[in-house]
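This briefing sets out the main structural points of the protein shown below. The points are grouped by topic and are meant to be read alongside the structure.

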Amino acid sequence: MKPLQQLVRPNIWALKPYSSARDEYKGVTASVFLDANENPYNAPYNRYPDPLQEEVKALLAPIKGVRPEQIFLGNGSDEAIDLVFRIFCEPRVDNVVAIAPTYGMYKVCADINDVAYRPVLLDEGFRLDAGKVLAATDHRTKAIFLCSPNNPSGNDLERGEVVKLIEGFDGIVVIDEAYSDFSVQKPFREELDAYPHIIVLNTFSKAWGSAAIRLGMAFASEEIIELYNKVKYPYNVNQLTQQQALEILRKRFDVDKWVKMILRERQQVMSAFAELPVCEKVYPTDANFFLARVKGADTVYAYLVRKGIIVRNRSRVELCGDCLRVTVGTPQEDNSLLAALRSYKPE
């Protein structure tokens, strides 16, 4: 890879970060806090939260097999995605490359930050060709975005192709592993020391059942995490979110049980869905959802909405014509979906 300084925007490299009140007395046990202009009443919510979420990271690190210094926690994974652009990409000068179809926030963040976005189409089976992605890069490409398991297709990207891409690109490679808990593929967060220019994303929203607390994770080299902490807002993760994260991390075995239940249900609902008269194809998946091609997705989607059943219509996404994306729910929820579709009569 290029030296990190060559990849980072010069103003960010030179940036003197804001020093919060909580940053200035580390290593000291204090009981009287008169430094941050806080209200002395309404404890504990009157105090600013830990700006670096150290207690959460200490509990999370051994679960994820990384060091606390290799973790960034943000307001959802979207903050970690946005910071890639703010740290590395000069607006109207640099570009990023991504696969298509994929998670839509990569392009939204590129557009917000005024950075050119270059999508590279997967093949008809949603498979990655590392050579095609590398061919789309140039000397102004600062980052490549991959999602594995991919959204909306659900499949793992072939690991060998991802490795070719990482080893063939001298910039930042972002690998979004939001759904990796439902996959058997080895996560790339375990390769941080081998590949210091990768950033691996994960989230509390999927396997951990905590979408409401808006907590995303980025795993990277200590040098990249230092840049994240330099640019992020001082108190980007609130105290309520940190408290709930600690609570769910202590329920790790409940999470393991949920994942097993979802995987078992996934197989059953996909098999039943494939037998529906309206279904033309169910794509293989490594996530907690599956993509299915149906006869007249717009009409089927509208019918399900009238029944109070909400899936995701992906018909207007590349390679996903007439496709619905279906999240695996409880057996009762999935049975409601299947029963409604068995009763469906095309207009």
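**Briefing on the predicted model**

Strands β8 and β9 (residues 289–294) run antiparallel and are joined by three bridges. The model under discussion is a predicted one. Its sheets are taken up below, followed by the pocket, the cavity and some points of backbone geometry.

**The four-stranded sheet**

- The pair β8 and β9 belongs to an open sheet of four strands, whose order is β8-β9-β11-β10 and whose pairing is antiparallel.
- At the edges of this sheet are β8 (279–282) and β10 (312–313), each of which pairs on one side only.
- Within the antiparallel pair of β8 and β9, Lys281 has Arg293 in β9 as its bridge partner.
- Helix α11 (residues 297–306) lies across β9, β10 and β11, and its direction makes an angle of about 35° with β11.

**The seven-stranded sheet**

- Seven strands form an open sheet with mixed pairing, in the order β1-β7-β6-β5-β4-β2-β3.
- The edge positions are held by β1 (71–75) and β3, and each of these strands pairs on one side only.
- On average, neighbouring strands of this sheet are turned by 25° against each other, direction ignored.
- An antiparallel pair in the sheet is formed by β6 (residues 198–203) and β7 (residues 215–219), with four bridges between them.
- In that pair, Leu201 stands opposite Ala218 of β7.
- A parallel pair is formed by β2 (residues 95–100) and β3 (residues 116–121), which are joined by six bridges.
- Here Ala98 stands opposite Pro119, a residue of β3.
- Helix α5 (residues 105–112), together with β2 and β3, makes a β-α-β unit that is right-handed.
- Helix α4 lies across β1, β2, β4 (141–147), β5 (172–176), β6 and β7, and runs at about 110° to β1.

**The largest pocket**

- The volume of the largest pocket is about 640 Å³.
- Its lining consists of 29 residues, of which Tyr103, Gly104, Asn151, Tyr179 and Arg325 are the closest to the pocket centre.
- The elements that contribute two or more residues to this lining are α4 (76–88), β2, β3 and β11 (323–327).
- Helix α4 therefore has two roles to note in this briefing: a place in the pocket lining and a position across strands of the seven-stranded sheet.
- Sorted by class, the pocket lining contains twelve nonpolar, eight polar and nine charged residues.

**The largest cavity**

- One cavity of 30 Å³ or more is found when the whole structure is searched.
- The largest cavity encloses about 50 Å³ of space.
- Its lining is made up of Ser148, Pro149, Asp156, Glu177, Ser180, Ser183, Gln185, Lys186, Pro187 and Phe188.
- By class, three of the residues that line the largest cavity are nonpolar, four are polar and three are charged.

**Backbone geometry in loops**

- The peptide bond between Ala43 and Pro44 is cis, with omega at about 0°.
- Pro44 is located in the loop between α2 (10–13) and α3 (54–64).
- The loop between α2 and α3 also holds Asn37.
- For Asn37, phi is near 55°, which is a positive value in a residue other than glycine.
- A cis peptide bond also joins Ala100 to Pro101, again with omega at about 0°.
- Pro101 lies in the loop between β2 and α5, two elements that take part in the right-handed β-α-β unit with β3.

Note on methods
Residues numbered from 1 in each chain as written. Predicted model: local features only at pLDDT ≥ 70, side-chain atom pairs only at ≥ 80, totals over all residues. Heavy atoms only, no water. Pairing = 2+ DSSP bridges. Right-handed = clockwise from strand over helix to strand, strands pointing away. 1 Å grid on protein atoms, 1.4 Å probe; cavity = no way out; pocket = protein on both sides within 12 Å on 5 of 7 lines; lining within 4 Å. Points joined across faces, edges and corners; volume = space filled by probe spheres on them. Nonpolar A, V, L, I, M, F, W, Y, C, P; charged D, E, K, R; others polar. Contact = heavy atoms within 4.5 Å. Axes fitted to C-alpha atoms, helices over the stretch in contact; angles between N-to-C directions.
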